[in-house]
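Hi there,

Here is the structure I promised to pass on to you. Have a look at it first, and then read on for what turned up when I went through it.

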Amino acid sequence: MKLQPIFLIRFRSQDRRQDRNLKQTILSNHLLCLVILVLGFVIYWSISDSTKVFCGVQNGNCRFSVDSANLNNFDQIPYFRTKNQVDHPTKANLIKEEQDKENNSERGKSEKIEKSKSTSTENDLWWSFKKLQKPALPNLTKMSFPSDNPIDRFIQAKWQEKQLVGSPQADRLTLIRRLTFDLHGLPPTPEQIEQFLSDRSPDAYEQLVKRLLASPRYGEYWGQHWLDTVPYADTHGFDKDKRRDHAWKYRDYVIDSFNRDKPCADWIREQLAGDILFPQRRDAVIATGFITAGPWDFVGHVELREGTTEKEKTRVLDRDDMLANTISSFMSLTIHCARCHDHKFDPISQADYYQLQSVFAGVRRGERLVNAPMNDMILIRNKQREQLLEKELRILDQTVSAQVAPKVQELDKKIEKAREQWRQNSLFFSSTPSNSNGYHSLIHPSADHSCYVQIDLGKISAIDWIVLYPARPVDFPNTPGFGFPKRFRIDLSNDHDFKDSLCIVDYSKSDFINPQDRYVPIAGHQLKGRYLRITVNRLWNRKTSGIDDFCFALAEVEVLQNKTNLAAHTLVESSESIEAGLWSRKYLVDSATSRLKLNRNRLDNNFSELRENEKIWQQLHLFEKQKQEILVSAYDANTRQKKEKILQELIEIRKSKSSNNSDLYYGPIPLDKPRDIHILGRGEVSKKKSKVLPAGLDCLEGLSSNLMISDVNQEGQRRVALAKWISSQDNPLTWRSLANRVWFYHFGKGIVDSPNDFGHNGALPTHPELLDYLADELRTTQSLKKLHFLIVTSHTYRQISKNQDRNSQIDGDNRFLWRMNRKRLDAEQIRDAILLASGKMIFSGGGPGFALFQFKDDHSPTYDYSNPQFVDNPSTWRRSVYRFVVRSVTNPFLDTLDCADPNVSTPKRNQTLTALQALALLNDPFILKQAKYLEEKLKKDESDLKRQIEKLIYLILNRKATKEEVTELFSFTQKNGLANSARLLWNLNEFLFVD
C-alpha cells in the first residue's frame, strides 16, 4: 500500500457506508462542542459569587478584576457592558467617545472621573484611596491562642468569622530555620541552632530575632527584595546591553539603608531627591540611583539623531519608566496605564499622568560625580564658565588674526592650491559598489579618548606603503572624512601586545587635516613587522544635530609590499568596535571603501602617485604649521599672558570634569532647564495638546494634588516636591504599600496579593483593618525593623505549616493564615546556602559586582556564562546580591531557579517546579565544584564516614540525622562518595522548602 500525505486522503466512493458514518460522527462532535460552549456561557453568567473579568496582563498593562459585590456597577465601567446591554458600541459612538475623551484631556480631567467625584460618597471611595487611620483592635472575648500581639487579634477575629481553627506553634528547630531564612536569606549554622535550642530563657525567641535584625546579613537579603521591585541591574538592557560599571553604589546604598533601619520617609526622599535635599551627604546623592535603576535604551538616546520623532518617543518612554517605577514601587499604583488614555479603572486622567511625568522632564540618565563639592550646581556653573572662556578665546584669536591677515591669507592660498593639486584618484576605484562602510569605534562624549585598531599581516613583512581611506558612510548624512582621527600614530611590531614596537608615523601631538574624500598615503620605508596598530588619542566630532559626540572610523587600510596588499582579508582586532549593519572590524580590510571597491590594478611600479600625494600632504602640514607659527608670533606679551590664563582655566575646568572617576555613580543628570511636557493624544508625540506643569493625584483622601513647588523652573525642586508628597504622613498608599511588601515576603502572600497594584485592577485585601494597623505603625515608628519584629513574634507567624482538612475546605489557599505557608527558597537563597554549607562563602560586602561570565566589549557586548574560569573563581564566592546583574543574559543556574527578571519590576517571583531545576541541582558546574569542596571539608574535619554523613545532613538540612538516614546513606556514600551524597541532599524538598 502506498502511503499518502494526510491531506490527500479522500473518501472512497466504493465504501459509502463508512463515508456516511464518518460524516455523522463529525456532525455529532460539532453539535457536542456547541452544547458544551453554550453550557459554559450559562455557567459563567450564573455563578455570581466568583465572577471575575480580566483585561490585559499583569506587570505593565491593565488587568481588571471585580468581585461579585461590584457586578451591579458594571454599567459604570468604560468599555464593559452587562449581559443585558449592547456588547459592541457603534462606530459613531466610538468616534464620539474618542472626541469626548480628547476634549476632556485638554481640560485635564475626564467626564468619567468628574462624575465619580461629584456623585461618590465617602463609602464609595476605593479602599486604598481612603485616609489612613489606625483601627481599633478587635474585641475578642476568647482567643484560640492567647497573645498580646495585635496581629493575632486581627487574624483570629477573621478565623472566628470564617469558622476556621488556627494551628499550634512550630517547634524550635523549625522556627530558627524559618526565621533565619526569612531575615537573612541563609540557613542557620549548626552553632546557631545549638545555641538557640539550649537557651531556655522565656525571651529566647525574641532575643534571636533581635540578633538576626542586627546582623549585616539582614540588609543583604531584604535589600534584594527592593532591588527586584525597582528593578536594578548593572547593564542598560535592550538590544545593546552595555555595562553600568558604577551602578553598584545604589545597590550598596539600599543594603546599608536596611541595615541602618533608615527612617522610611527619609529613605523615600533620598531616593527621589537626595542630591537636592542633602547635597553634602554622599549616601543621599547615591540614593537617586533609584530613578535610573531600570532599563535604558542606548540606541534611542545615544545613536538616534536629535529632532527626530523616534528620539522624542524614546524620551517619553524613558520618563514613563521613571514615573511608573516611582509610583508603583512606593505607592502600588499603575499610573502608567494612563499614558495613552484616561485610566480605565482608577480615577487617574491622562492629564494626571503627564503632570506627574513632568516631574522628570529635567533629568537624563548617566554617570555623575558623587563627591559633594562637585554637585550639579557647580557642574552647571563650570559649563557656563567654559563656554564663556571659549568665546573669549575665539574673540582673542580673531583679533590677533586680523593683525596678521595678509600673511595668513597668503598661506591660505598656498594651502588651497595644494588641495587643488590633489587628484580625484579615479585609478584607485572600480565601478563596483561596496557592501560595507568600514570600521567604527564606540561613540564617546569626549574627544580625548584613546583606542586602537590592529591588523595581523600573518607574518613578518617589509612594508612599502600604508594607505588610509576615510569613511563616507551611506547610512549617515553625507559626510566625507567621517570619523577620521584628529590625532593618531601608526606603529609596527613583531609582538601581538606591542611590548616592543617601531613608530612609522606620529601625528599624536597636533591635529591632522581631515582628508575628506582623499586617501592618505604613508611611506613604510621598508620597515619590517607582523602587526600594524593605529592608535588614536583624539577622536573626530560627529556633531549630530548640535550634540557633540566623538568617534574614530576608517573605510579601509592597505599595507602594500610591492603591489600586493598584505592587509587584505586578514585578522583585525581592536580595543572597541561597533559590529552592526555596515560597520565591522572585518570591513577594514575587505578591499573596499564606504562607496566603491578598490581597483587592484591601479598602481604603477614606482608608486609615483602615492609619492606625489604624500609630498602634497607634507606641504599641507608645513603650510599649516607656518600659519600657526605666524599666529603665535603675533601675540604680544600681554595678549599671550591673557591667552595662557584662559587656556589654564579651561584646562582646570576640563580636568575637574574628568577627574575622580572612581567617585562616579549612575544616576539622574539634571538638564539646564526642564523640557516642556504636553498631554499626548493616544500617547503619540505627534499629537501634542495642552502643556502641563507638575502636580500630584487628587483621588487620595486628605492629600492635595498641589506639590507646592517653590520654583517650577528648577528641575531639582520638582523632584523634592514629589518626594515630600509621596512620603507625606497623609499619603495612604505609601504606608499601605510598604507594610504590605514586608508582610508579603514573610508569609509568601500579601494582605493585598498584588503588591504593585492597589487600584481597582488589583486584589482586595484579606485583612484591611490589619493592613491599616501595620501601615500606621510603620508611619508612626518609621522603622522597618520594628515592623519585622512585630510580625515574626506573632503567633500567626510561628504556626506550624501542616495542613488541616476541615480548614482547607473553607480556605484552601490559606488566605486567612490558619497555618504557616510553606515557602520554596529563592534562587539566591539556594546558591548562598550551598556556598555556606561547603565552607566557601565569603562575607565581604559592597563594591563592584563579581562577574559570573566572560565579558567581551563590543557594539553589542557579549556575556558568556560558559567559561569555566568563572565557575570556580574565589572572587565569585560572595553573596548572590553582590553579583553583576545582566539584563539581556541572565545567569542560567539562577534563571532556572526562578530568579527575578531584571528587565521588569518583580515584587513577587514565579515559583515553578521543573525537571530542569533538578538537573541543575545535580549537574550544574557550580554544584559539582561546591559538592567537591564540601567533601574535602568533611574529610578534613572527620575521619569516620558515619560522622561525615551526620555532619553532611546537619549542614544541608539544618537538623540532626536519624540512625535510619545514616544507615541508608552509608552504602550510597561508600559507593559514590560524599560529593554525590551532597548533590542528592541538595535535591531534597527538605532543603529547598522552608516549613
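Let me start inside the protein, with a cavity. The second largest cavity is lined by Trp222, His225, Trp226, Thr229, Phe258, Cys264, Trp267, Leu738, Arg741, Val742, Tyr745 and Leu784. Three elements, α8, α10 (264-277) and α20 (732-747), each give two or more residues to that lining. By type, the lining residues of the second largest cavity are nine nonpolar, two polar and one charged. The space in the second largest cavity comes to about 150 Å³.

Please keep in mind that this is a predicted model, so every value here is computed from the predicted atoms.

How many cavities of 30 Å³ or more does a search of the whole structure find? The search finds eight. The largest cavity holds about 230 Å³ of space. Its lining has 22 residues, and those closest to its centre are Arg883, Val885, Cys899, Ala900 and Pro902. Both α8 (216-229) and α26 (892-896) supply at least two residues of this lining, and α8 gives the largest share, with three residues. In the lining of the largest cavity, 13 residues are nonpolar, three are polar and six are charged.

Next, a helix to find on your screen: α9, residues 248-260. Its 13 residues should span 18 Å at 1.5 Å a residue, and its end C-alpha atoms are indeed 18 Å apart, so the two values agree. Is α9 mostly enclosed or mostly open? Because 10 of its 13 residues are buried, α9 is largely enclosed by the rest of the structure. The buried ones are Trp248, Lys249, Tyr250, Arg251, Asp252, Tyr253, Val254, Ile255, Ser257 and Phe258. Phe258 also appears in the lining of the second largest cavity. Among the elements that cover the buried residues of α9 are α8, α10, α11 (282-287), β15 (664-670) and α22 (784-792). Just after α9 comes Asp261, which takes a positive phi of about 55°.

Now for a single glycine. Gly481 sits in the loop between β4 (451-469) and β5 (487-493). Is Gly481 buried or exposed? Its relative accessibility is 0%, so Gly481 counts as buried. Leaving out residues up to four places away in sequence, Gly481 touches Pro470, Ala471, Asn514, Gln516 and Trp540. Try measuring from Gly481 to Leu554 too: they are 73 residues apart in sequence, and their C-alpha atoms are 8.5 Å apart in space.

You may also wonder about the cysteines. A disulfide is a covalent bond between the sulfur atoms of two cysteines. How many disulfides does a search of the whole structure find? It finds zero. Cys451, for one, is in no disulfide, and the nearest cysteine sulfur, that of Cys551, is 9.2 Å away. Cys451 counts as buried because its relative accessibility is 2%. Cys337 is buried as well, at 7% relative accessibility.

Finally, here is the overall picture. The protein has 32 helices and 21 strands. Of its 995 residues, 52% are buried. Among contacts with a separation of 6 or more, 75% are between residues 24 or more positions apart.

Enjoy exploring, and write back with any questions.

Best wishes

Terms used
Residues are numbered from 1 along each chain as its sequence is written. This is a predicted model: local features need pLDDT of at least 70, side-chain atom pairs count only at pLDDT 80 or more; totals for chains, interfaces and linings use all residues. Side-chain values use heavy atoms; hydrogens and water are left out. Helices (H or I, at least four residues) and strands (E, at least two) are DSSP runs, numbered from the N terminus. Buried means under 20% relative accessible area, exposed over 50%, partly exposed in between (1.4 Å probe, protein chains only). Contact means heavy atoms within 4.5 Å. On a 1 Å grid over the protein atoms alone, a cavity is a set of points where a 1.4 Å probe fits but cannot get out, and a pocket is an open set with protein on both sides within 12 Å along at least five of seven lines; lining residues have an atom within 4 Å of a point. Grid points are joined across faces, edges and corners, and a volume is the space filled by probe spheres set on the points. Ala, Val, Leu, Ile, Met, Phe, Trp, Tyr, Cys and Pro count as nonpolar, Asp, Glu, Lys and Arg as charged, and the others, Gly among them, as polar. A disulfide is a pair of cysteine sulfur atoms within 2.5 Å. The expected span of a helix is 1.5 Å times one less than its number of residues.
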